[in-house]
Amino acid sequence: MSLVGLLSINLLEFIAAIITIELTLRQSTTAQQILAFTDSSSALGWLHKASFSRCQPVHDKIARYLDRILMDADSALYSQHIRGIHNVIS
């Protein structure tokens, strides 16, 4: 099943960042300070946004999921933008 067309590319990148964060936290039994790099300026902003408007309920639900992951793991998230041309991993 393809999510292309149902969700924006920015939201898909936000979800990808959260999946990576969750997988990272699952590998540890202690609190972590995570530094997340992304070339998506939208995802970067959303990693730090507290809430979304009513017209973005999916964004809000996903952000709340991230908050729960971090609180349950007693961990902190920091993120940094990496320009697309410098993102050699993607």
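Asp60 lies in helix 3, which spans residues 57-72 of this predicted model. At 16% relative accessibility, Asp60 falls under the 20% limit and so counts as buried. Its side chain is not without a polar partner: the side chain of Asp60 makes a polar contact with the side chain of Arg64, at 2.9 Å.

Asp74 follows in the loop between helix 3 and strand 2. With a relative accessible area of 60%, Asp74 is over the 50% limit and is therefore exposed. The backbone of Asp74 also deserves a note. Its phi is near 50°, a positive value in a residue other than glycine.

The overall layout comes next. The chain holds three helices and two strands. Read along the sequence, these elements follow the pattern α-β-α-α-β. Of the 90 residues in the chain, 30% are buried. Among contacts with a separation of 6 or more, 81% join residues 24 or more positions apart.

The two strands pair with each other. Strand 1 covers residues 33-38 and strand 2 covers residues 76-81. They run parallel and are joined by six bridges. Within this pairing, Phe37 stands opposite Gln80 of strand 2.

The faces of strand 1 can be told apart. In a regular strand the side chains alternate between the two faces of the sheet. The covered face of strand 1 carries Ile34, Ala36 and Thr38. The uncovered face carries Gln33, Leu35 and Phe37.

Thr38, on the covered face of strand 1, is buried, because its relative accessible area of 10% is under 20%. A polar atom of the Thr38 side chain lies 3.1 Å from the backbone nitrogen of Ser40. Beyond residues up to four places away in sequence, Thr38 touches Glu13, Ala43, Leu44, Gln80, His81 and Ile82. Gln80, one of these contacts, is also the residue that stands opposite Phe37.

Helix 1 supplies another buried position, Ile18. The relative accessibility of Ile18 is 3%, under the 20% limit, so Ile18 counts as buried. Leaving out residues up to four places away in sequence, Ile18 touches Leu47, Ile62, Tyr65, Leu66 and Ile69. Ala43, a contact of Thr38, offers a distance reference for Ile18. The C-alpha atoms of Ile18 and Ala43 are 9.6 Å apart in space, and the two residues are 25 apart in sequence.

The largest pocket has a volume of about 220 Å³. Its lining counts 13 residues, of which Ala16, Ala17, Thr20, Ala36 and Phe37 are the closest to the pocket centre. Two elements, helix 1 (residues 9-26) and strand 1, each give two or more residues to this lining. Helix 1 provides the largest share, with six residues. By residue class, the lining divides into seven nonpolar, four polar and two charged residues.

Strand 1 thus enters the description in two ways. Ala36 and Phe37 are among the residues closest to the centre of the largest pocket. In the strand itself, Ala36 belongs to the covered face and Phe37 to the uncovered one.

How values were computed
Residues are numbered from 1 along each chain as its sequence is written. This is a predicted model: local features need pLDDT of at least 70, side-chain atom pairs count only at pLDDT 80 or more; totals for chains, interfaces and linings use all residues. Side-chain values use heavy atoms; hydrogens and water are left out. Buried means under 20% relative accessible area, exposed over 50%, partly exposed in between (1.4 Å probe, protein chains only). Helices (H or I, at least four residues) and strands (E, at least two) are DSSP runs, numbered from the N terminus. Two strands pair if DSSP finds at least two bridges between them. A polar contact is a pair of N or O atoms within 3.5 Å; within protein, one must be able to donate a hydrogen and the other to accept it, and residues adjacent in sequence count only if both atoms are side-chain atoms. Contact means heavy atoms within 4.5 Å. On a 1 Å grid over the protein atoms alone, a cavity is a set of points where a 1.4 Å probe fits but cannot get out, and a pocket is an open set with protein on both sides within 12 Å along at least five of seven lines; lining residues have an atom within 4 Å of a point. Grid points are joined across faces, edges and corners, and a volume is the space filled by probe spheres set on the points. Ala, Val, Leu, Ile, Met, Phe, Trp, Tyr, Cys and Pro count as nonpolar, Asp, Glu, Lys and Arg as charged, and the others, Gly among them, as polar.
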